[in-house]
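Let's work through a few exercises together. Have the sequence and the 3D view open, try each task on your own, and then compare with the solution.

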Amino acid sequence: MSPPIAVFLTEEGTVHALDDTCTHQDASLAAGWVEDCRVECPLHESTFSLTTGEVDQPPAKRGVRAHQVTVRDGEVLVELSTAAPKLPPGVEVA
Amino acid sequence: MIIDQLDTPLTGTSLKPTPAGVAYTDPEIFIREQAEIFEKMWNAVLRADSLASPGQWRTVTVGREEIIVVRTRKAGIKAYLNVCRHRGMRVCTTAEGRSKTLQCGYHAWTYALEGELVAAPNLTSMPDVDRGEHGLKTVHVREWLGYIWLCVSPAAGSSAPPSFEETVMTEVSTRFGEVQSLENYGIEKLRVGQTRRYEVAANWKLIIENFMECYHCATIHPELTEVIPEFAQGWASQAQDEIHGASFGAQVEGFTVDGSAGVAALPAIAEAQDRKYYAITVRPQVFINTVPDHVIFHRMYPVSAAKTIVECDWLFLPEVVEKQLDVSRSVELFHRVNLQDFEACEQTQPSMSSKAYDDGGALVPSEHHIAEFHQWWAQQIGPFARGR
């Protein structure tokens, strides 16, 4: 079972998929601010790369998983990462 | 001729009464004014171009409410009560800023610039919380004359605010008249050359009453009366039903502190508006003064029965502001008028609680139009116990 996935469409028109939950505290990155191919967590100031999932600054210390995205005939296909998800304290995959 | 009006036989007595002194001092009356007048009517709060880019916000106070006014990314200018829907902390804790979201500093409830709740710690595990329902409470917004106007009550969404067209625009055009249209001044296209903020230790009604009459002009406004000699007769621009353009003196070149020339005239004013000063009151808290080359726009914010903040903008053509032309003599004239007026109001306020003013004071014929303001005021707040 995978944790929720957030799918992003940038202003440049590229599509990306990350684990939706910030690694610092339970918050949905889908509600975050997308700019320069990064998403800023809506709660605190960590931003995550839309391509690799790496984090730039605290309070989050660990990146999120990035998933492979293919757009075919207008459909977004996501191939899940096989890495273990990195979830914040107290959040478990249902 | 203005002087003719003084010769016209007056019906009734020369003196009309003012409200009793208690109207200017009583905290309960003041609360009723906040609730029934300032929170129910449209208030001009900010120049729209003071929020230039998305995410820029300022906090303002209308009645008893603090309000966030923000330029959004997608929905123009929006305004919200500055109260977190979670536990009530102020969401914005400074006078202005720029941010991607509006986030409460207590538990990080986070609102989009468009108002809805977008994030909160553990919100994902509370799927029953409707993010729109728990968004910031919105306040009605209109843009007119380049200003942002707010109406606090009723809450946006629950029912309609008073019609802006009927309560603000019609009142202004009725007062300004068809020919001497306010539109000619193009106020929405002007830029702020200077803003001054005055903390006045007086009731807001004393400030309105003062602004509405010119019986005091020859006594306390020497510079203004030099520029507009007819003010010595005591009749204000707004003393009659239709506004009267008060003429500059023959030797006066412009509406400046020394009567020297101002800057280039606003391009669309009518011939009849040249070399004239006009003033109107837009209830409950705006005064607009127009002269050929600039517009002076006052906004009042009552703080208590005995304290009012007044912000005054001097608006000029954009090129005047961009080229940084010297407008200091233009600004100085009405800045002095403001200081002279506010000092008179501050010297009047303490007497409002004197026995001598238990039954109020008097309005002379050139002030009789102020009685209409008093009637309007009394209608808004309803009956109150007179006396002390």
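Domain bounds here are taken from an automatic or database domain assignment. The model is predicted, so local features need pLDDT of at least 70 and side-chain atom pairs count only at pLDDT 80 or more, while totals for chains, interfaces and linings use all residues. Residues are numbered from 1 along each chain as its sequence is written, chains are lettered from A and ligands numbered from 1 in the order in which they are written, and side-chain values use heavy atoms, with hydrogens and water left out.

**Exercise 1. Describe how domain 1 and domain 2 of chain B meet.**

Step 1: locate the two parts. Domain 1 of chain B covers 2-37 + 181-381, and domain 2 covers 42-161. Taken over C-alpha atoms, the centres of these domains of chain B are 32 Å apart.

Step 2: count the residues in contact (heavy atoms within 4.5 Å). Domain 1 of chain B supplies 20 residues and domain 2 of chain B supplies 14.

Step 3: find the buried area, meaning the accessible area (1.4 Å probe) that two parts lose on being put together, summed over both. For these two domains of chain B that is about 1300 Å², with 57% from carbon and sulfur atoms.

Step 4: look for polar links. A polar contact is a pair of N or O atoms within 3.5 Å; within protein, one must be able to donate a hydrogen and the other to accept it, and residues adjacent in sequence count only if both atoms are side-chain atoms. Seven residue pairs in polar contact, both at pLDDT 80 or more, cross this interface of domain 1 and domain 2 of chain B. A salt bridge needs a side-chain nitrogen of Lys or Arg within 4 Å of a carboxyl oxygen of Asp or Glu, and between these two domains of chain B the rule finds zero.

**Exercise 2. Examine the interface of chain B and chain A, and find its salt bridge.**

Step 1: begin with the contact. Here 14 residues of chain B touch ten residues of chain A.

Step 2: turn to area. The two chains, B and A, bury about 1100 Å² between them, and carbon and sulfur atoms carry 54% of it. On the chain B side, Arg73(B), Lys100(B) and Thr124(B) lose the most area to chain A, together 46% of what that side buries.

Step 3: name the pair. Side chains of opposite charge can pair when their charged atoms come close. The count between chain B and chain A is one salt bridge: Lys100(B) with Glu40(A), whose closest N and O atoms are 2.8 Å apart. Between chain B and chain A there are also six residue pairs in polar contact, both at pLDDT 80 or more.

**Exercise 3. Which cysteines form a disulfide, and what is its handedness?**

Step 1: apply the cut-off, a pair of cysteine sulfur atoms within 2.5 Å. The structure holds one disulfide over all chains.

Step 2: identify the partners. They are Cys214(B) and Cys217(B), with sulfur atoms 2.0 Å apart.

Step 3: read the torsion. The angle about the S-S bond of Cys214(B) and Cys217(B) is -105 degrees, and the link is left-handed.

**Exercise 4. Find the cis peptide bonds before Pro59(A) and Pro284(B), and check the phi of Asp36(A).**

Step 1: recall the background. Most residues other than glycine have a negative phi, and most peptide bonds are trans.

Step 2: inspect omega. The bond from Pro58(A) to Pro59(A) is cis, with omega near 15 degrees. The bond from Arg283(B) to Pro284(B) is also cis, with omega near 5 degrees.

Step 3: inspect phi. Asp36(A), a residue other than glycine, has a positive phi near 50 degrees.
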